[in-house]
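Trainee: Got a minute to go over the pockets and cysteines in this one with me?
Mentor: Sure, pull it up and ask away.

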Amino acid sequence: MIQFGTNPIAWANDDDQTIGANIPTARILDEAGRQIGFDGIENGHRWPEDPVELREMLGSYGLAFISGWYSTELLTRSVEDEIKAFQPHLAKLRENGCKVCVTCETSNAIHSMTDVPVNDKPSLSPEGMAEFGAKIEEFAAYMASQGIHLAYHHHMGTIVESAEEIDAFMAATGPATKLLFDAGHCFFGGGDPATVLARHIDRVVHFHAKNVRPEVAKRVRDERLSFIQGVLAGAFTVPGDQEGAVDFAPLLKQLADHGYDGWIVIEAEQDPDVRNPLLYQTLGLATLKRQAREVGLI
């Protein structure tokens, strides 16, 4: 069953928690659940750590806990240590019936550094990618033993950003490692979303519907802005925004043709003081539902 979700970073940013700090948590949940009508919401720094408290709080607004970002540090620690560190997050996922775990390697990532150009992201050698892929696959196999798919999030400012890096990562991992496909990060990373999705759709278990304003993205590259500076400048937006460059209909058609069964999540961080989250998220959800119906996804 296709379900539609959002992420609290549209209201209150996780990488720079000063963005949206003035927005009450109750407003985020009320707008996402009761007013806009999303089925669920991903993890955020505002949510309680206790798994039961989390489920009850979100449920009171009509929202399911979808999953959410888990930062691995497998470049600097063992799989055994990663599994130990993962236990609190695993408890939240299991209590809330989550089927996927949004995962990204962050031990050397720069996306949360406000003064480091996103262009200066880390990278791995072919040998390094092979070693990293083997560790991720082992970690993914552990998750699978717990009934959860590891959904790897390719992301700006990390070791898996470009289309070539996505391809290399997927080649370096095995069947236990799945992909979170993010249209916006793919586009910003220089890839064509429809082409990259087609190459890896058999392993896609989670979908982020992030849109990109191409003129702002070019400015971020040309002026060597950080990821956070790009967010504040308006690099990202929602499906349906005419300033965005990502065409979601062909992506949703691919999902429909391959029998995708999971979440479609609007994960599009903006400055909420400039672009009202209620208005933009409403536009995004309406657009996705309309296009999903048109291509036979729902």
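Mentor: One term before we start: a pocket here is an open set of grid points with protein on both sides within 12 Å along at least five of seven lines, and lining residues have an atom within 4 Å of a point. Keep in mind too that this is a predicted model.

Trainee: Okay. How many residues line the largest pocket, and which lie nearest its centre?
Mentor: The lining has 29 residues, and D14, N43, W69, Y70 and S71 are the ones nearest the centre. The volume of that pocket comes to about 540 Å³.

Trainee: Which element gives the most to that lining?
Mentor: That's α3, with 4 residues. Both β4 (69-72) and α3 (79-95) supply at least two residues each.

Trainee: And what's the lining of the largest pocket like by class?
Mentor: You get 15 polar residues there, plus 7 nonpolar and 7 charged.

Trainee: What about the second largest pocket, how much space lies in it?
Mentor: About 250 Å³. It has 16 lining residues, and Q3, K99, D261, G262 and W263 come closest to the centre. As for elements, β3 (64-65) and β8 (204-208) are the ones giving two or more residues to that lining.

Trainee: How do the residues of that second lining divide by class?
Mentor: Into 8 nonpolar, 6 polar and 2 charged.

Trainee: Switching to closed spaces: how many cavities of 30 Å³ or more does a search of the whole structure find?
Mentor: Just 1. Its volume is about 30 Å³.

Trainee: Which residues line that cavity?
Mentor: A10, A268, Q270, R275, N276, P277, Y280 and Q281. By class, that lining is 4 nonpolar, 3 polar and 1 charged.

Trainee: New topic, cysteines. How many disulfides does the structure hold?
Mentor: It holds 0. Take C98: the nearest cysteine sulfur belongs to C101 and is 8.7 Å away. A disulfide needs the two sulfur atoms within 2.5 Å, so that pair doesn't count.

Trainee: Is C98 buried or exposed?
Mentor: Buried, at a relative accessible area of 5%.

Trainee: And C186, which cysteine sulfur is nearest to it?
Mentor: The sulfur of C104, 15 Å away, and C186 is in no disulfide either. C186 is buried as well, with a relative accessible area of 1%.

Terms used
Residues numbered from 1 in each chain as written. Predicted model: local features only at pLDDT ≥ 70, side-chain atom pairs only at ≥ 80, totals over all residues. Heavy atoms only, no water. 1 Å grid on protein atoms, 1.4 Å probe; cavity = no way out; pocket = protein on both sides within 12 Å on 5 of 7 lines; lining within 4 Å. Points joined across faces, edges and corners; volume = space filled by probe spheres on them. Nonpolar A, V, L, I, M, F, W, Y, C, P; charged D, E, K, R; others polar. Buried < 20%, exposed > 50% of the residue type's maximum accessible area, 1.4 Å probe, protein only.
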